[in-house]
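Colleague: Could you pick one part of this model and take a close look at it with me? I'd also like to know how it sits beside the rest of the chain.

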Amino acid sequence: MINHLKISWRKMRKHKGYALTHILGLAIGMAASLLILELLVFEYSFDRFHAEGEQIYRVTNDRFQNGELVQHGTITYPHIGKVMEDDIPEVTDHLRLIPSWGKTAVRIGEAFFSEEGVMYANANFFDFFSFPLLAGDASDALQKPFTIALSESFAKKYFEGLAIEQAIGRQLIIDEEENPYLVTAVFADIPENSHLQFDMLISFETFVTEVGPGFANNWEWSDFWHYVKLQQSTDPLALRTKLDAFSKQHFRGAEVSGSEEVFLLQPLYEAHLYSDYEYEIGQTADGKAFELLYGIAIFILLLAWINYVNLSTARSLERAKEVGLRKVMGATRPHLIRQFLIESFLYNLLGLIFALTLIQLCQPAFNRWLERPLSLTQMWQTSTADWLNPAFFVIWVILGMFASGFYPAFVLSAFRPATVLKGTFKRSQKGNRLRQSLVIFQFVCSFILMTGTLAVYQQIKYMQDRDLGIDLEQIVVVEGPYLYDWDSTWIGKIDAFKTELRRIPAIRQVSTSENLAGNRLSRIFDLRASHHDATQKFTASRMSIDHDFVETYQLRLLAGRDFRLDDHHYSFREIKYVLVNQATTRLLGYEKVEDALDKQITFYGRNWQIVGVLADFHQQSLHLPIEPIIFPPAYSTEDYFSLRMETKDLASSLAEIRAVYSNLFPGNPFEYYFMDQRFAAHYASDQQFGQMIALFALLAVLIACLGLLGLAAYSILQRSKEISIRKVLGASLQQLFMLLSGRFLRLVGIASLLAMPIAWIAVRHWLDNYAFHTSPSLLLLLLPAIMVFGIALLTISWQTLSSARRNPVDSLRNE
């Protein structure tokens with residue numbers, strides 16, 4: 001064993017360039033694969049720290065209307081979890097949550113905080129989930145009204161200088177309510193790999209006290225999230241039959257909204273990566289994208305091992321004499337196989353050491369880029385999906401190390417001493433074909449990754465450049481004064497605020513709205529037009545706006561009129577008119593937008609009149625289709641203020657806006673952001689995915705080129721005498737270049753042709769995830785082909801030209 005290692009080490013020192021190519025290719029492949037594995041382990045570790053996580057499911061529902069799916073959501077009715085526990089024996093426990101929408105104001109003495117991450121939760125929250133308590137009693141922390149549990153970070157922020165235990169029993173004022181809230185528990189900060197993220201839990205009994213106990217039997221108010229716990233032996237698929245019967249028994253959709261609703265269960269472990277649900281409460285990501293990254297990690301590692309196989313077998317002519325002499329001296333074939341396998345193991349081991357070094361160097365930048373706490377240590381310590389267990393990866397790498405060494409070992413050890421030492425040994429055509437096939441495979445993978453990179457960037461550019469139908473540029477959004485109570489004077493206050501803002505030179509328009517572009521809107525399920533049968537109902541989204549909204553966002557009015565000031569009323573029941581978008585007119589069956597004008601439509605149990613039709617615009621990202629939207633002219637204290645303004649002296653203008661806001665709405669926090677940046681954030685994950693594909697495509701190409709470089713160098717070395725003779729006989733530099741490089745470039749060309757249909761199908765399939773997407777053109781295939789061909793040409797050009805320019809005397813002097 002020691003002797004084999006010594007021999008392998010001497011070989012590496014003798015052929016430094018060859019060894020460096022081996023080790024560098026393996027190091028890059030292993031480092032890239034391990035970085036991807038770190039990310040995958042983290043993403044698939046979400047919620048797996050809960051002790052009974054495998055038994056926890058969340059209740060979801062699908063709502064159908066007129067034979068079509070109109071809502072695919074995570075929200076449902078107030079007491080659905082309890083009814084499930086009562087009706088279905090397999091359900092052993094349930095939990096109910098509802099977020100405190102928007103910001104929550106917290107006051108402690110004179111200190112004021114505007115917080116997010118606040119939820120109402122049942123008393124059994126800390127028994128249901130495994131979030132550890134640092135202080136307080138899990139059994140009664142959220143039992144009573146006006147009790148709260150704080151995260152460690154919030155407790156330290158609110159009660160600076162006190163021990164965690166001393167926060168228990170302290171009081172807070174929330175949203176300026178008369179009743180103070182009592183801190184009954186402090187929990188550890190929620191880990192980043194939890195799909196539920198919160199810093200404050202308010203007892204659900206507080207919510208009951210605020211809205212009254214009557215809500216519990218409500219089968220129309222569907223703004224609650226439910227989790228249930230199943231018995232260990234329960235088969236979720238078998239339970240589906242009971243859920244269908246449960247849905248039919250309890251949901252009165254036909255009479256409430258003309259829809260049919262089905263309740264479903266989603267495993268907790270799938271909530272983060274496999275959620276295409278609306279009204280999500282937690283952090284989500286695209287599981288299919290991470291599955292693709294897993295495939296890329298495998299391919300990159302395969303490319304590195306292919307390099308080893310190719311370069312090892314390419315040197316067969318040189319090593320044939322070594323094998324012949326060893327066999328003459330008494331070495332057996334098993335002995336030689338052991339030698340070559342140990343050599344392979346040593347190369348892979350050194351590659352792994354260099355890979356770990358590269359990871360340590362790149363890890364901080366990689367983490368900042370992805371905004372995730374990744375590390376090799378955490379990867380080993382984190383519970384994740386079984387198929388992502390790092391131990392399996394290590395076993396796979398070890399198998400790969402030996403598998404990549406077995407073929408060269410068996411090929412090299414099979415040489416016959418007599419043939420080799422007579423000088424009649426020739427390379428096997430089968431071996432040449434195998435090496436060529438492996439090179440083609442490498443560049444097929446590289447081509448597909450490069451095509452994917454270009455497709456992602458084309459789609460992102462398409463989304464950024466597409467006319468949304470709504471102008472989000474130079475819009476500053478100021479959050480509404482949510483600490484004010486609604487009354488009949490509110491509209492006057494809003495108009496006074498807008499009037500004061502218009503006096504600021506930089507501000508051109510001001511409007512208010514219930515929601516913003518990019519957000520999921522509330523829905524109307526009982527919509528119908530006057531010409532519809534009373535039993536026929538449709539679903540549309542709803543967004544309350546003021547009479548300045550259309551002008552501020554520069555929406556196109558296709559027919560009718562815009563809202564006027566006198567269309568507003570402080571009582572929602574007194575509002576009579578609505579605007580609709582084109583999609584709504586199509587939904588209701590109007591052939592022309594003008595046909596919808598002055599027509600009566602019904603929703604919320606009363607009639608409304610359409611006074612105007614707006615051109616369709618993208619309320620949400622281009623991932624989603626344009627939905628029918630109805631716009632009532634209504635206000636609320638939680639409306640957003642949208643300010644179209646000049647941005648030259650932005651700091652000065654914002655200071656003036658703050659002064660006006662603080663004067664009219666004292667005690668409310670002044671918070672603002674830019675609308676275009678907020679909307680663009682919807683594409684952040686697409687951009688990051690594109691950057692990851694680009695990075696790993698670059699690494700795949702680099703590994704493939706390292707192999708190509710090594711093969712070209714060795715091929716040229718073996719043909720040095722042939723080149724010299726050709727040069728003596730008058731071959732030109734161009735002829736020699738084509739002779740030496742043509743074979744490799746032909747392989748790259750074949751790889752490009754094979755990869756084109758695969759890449760085209762993959763791109764078309766990926767683009768189907770977007771409701772609006774770019775149309776892929778032939779340029780998407782031609783550019784990667786040119787790039788791959790150009791990179792390959794550059795890779796082998798230096799070696800080829802260097803050999804072609806060499807003095808033939810240097811090669812022929814010993815002949």
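Modeller: Happy to! One definition before we start: helices and strands here are DSSP runs, of at least four residues for a helix and at least two for a strand, numbered from the N terminus. With that in hand, let's begin in a loop, remembering that this is a predicted model. The loop between β10 (181–187) and β11 (200–203) holds D199. Because its relative accessibility is 23%, D199 counts as partly exposed; the buried class is kept for values under 20%. Leaving aside neighbours within four places in sequence, D199 is in contact with G117, A149, L150, S151, F154 and F187. With S151 there is also a polar contact, side chain to side chain, of 2.8 Å. As for F187, it is twelve residues from D199 in sequence, and the two C-alpha atoms are 8.7 Å apart.

A charged-type side chain in another setting makes a nice companion, so to speak: take K498, in helix α16 (residues 490–502). Its relative accessibility is 1%, so K498 counts as buried. Not counting residues up to four places away in sequence, K498 touches V510, S511, T512, D546, H547, D548 and Y635. Of these, D548 shares a polar contact of 2.7 Å with K498 through their side chains. K498 and L643 are 145 residues apart in sequence, with a C-alpha to C-alpha distance of 9.4 Å.

Helix α16 also leads us to helix α19, since it is among the elements that cover the buried residues of α19; the others include β14 (475–479), β15 (507–513), β23 (640–645) and β24 (672–674). Helix α19 (residues 650–664) has 15 residues, and from first C-alpha to last it reaches 21 Å, close to the 21 Å expected at 1.5 Å a residue. Its buried residues are S653, L654, I657, V660 and Y661. Looking down the axis of α19, these fall within an arc of 120 degrees, so they line one face of the helix. A651 and N663, on the other side of α19, are exposed.

Now for the interior. The largest nonpolar core has 121 residues, and the members that touch the most others are L293, F443, Y553, F631 and F696. Helix α2 (residues 16–43) gives the most to this core, with 16 residues. F696 touches A32, I36, L293, I296, I300 and L449, again not counting residues up to four places away in sequence. Another core lies apart from this one; its 28 residues include Y158, A167, I174 and F224. In soluble globular proteins, nonpolar side chains tend to be buried together.

A serine is worth a stop as well: S446, in helix α15 (residues 429–465). S446 counts as buried because its relative accessibility is 1%. Beyond four places in sequence, S446 touches A700, V701 and A704.

Finally, the whole chain for context. It has 25 helices and 24 strands, and 53% of its 815 residues count as buried. Among contacts with a separation of 6 or more, 80% are between residues 24 or more positions apart. The accessible surface comes to about 36,800 Å², with 56% of it belonging to carbon and sulfur atoms.

How values were computed. Residues numbered from 1 in each chain as written. Predicted model: local features only at pLDDT ≥ 70, side-chain atom pairs only at ≥ 80, totals over all residues. Heavy atoms only, no water. Buried < 20%, exposed > 50% of the residue type's maximum accessible area, 1.4 Å probe, protein only. Contact = heavy atoms within 4.5 Å. Areas by Shrake-Rupley, 256 points an atom, 1.4 Å probe, with all protein chains shown as cover. Core = buried A, V, L, I, M, F, W, Y, C linked by side-chain atoms within 4.5 Å. Polar contact = N/O pair within 3.5 Å; in protein donor to acceptor, adjacent residues only side chain to side chain. Expected span 1.5 Å × (residues − 1). Arc of directions from axis to C-beta.
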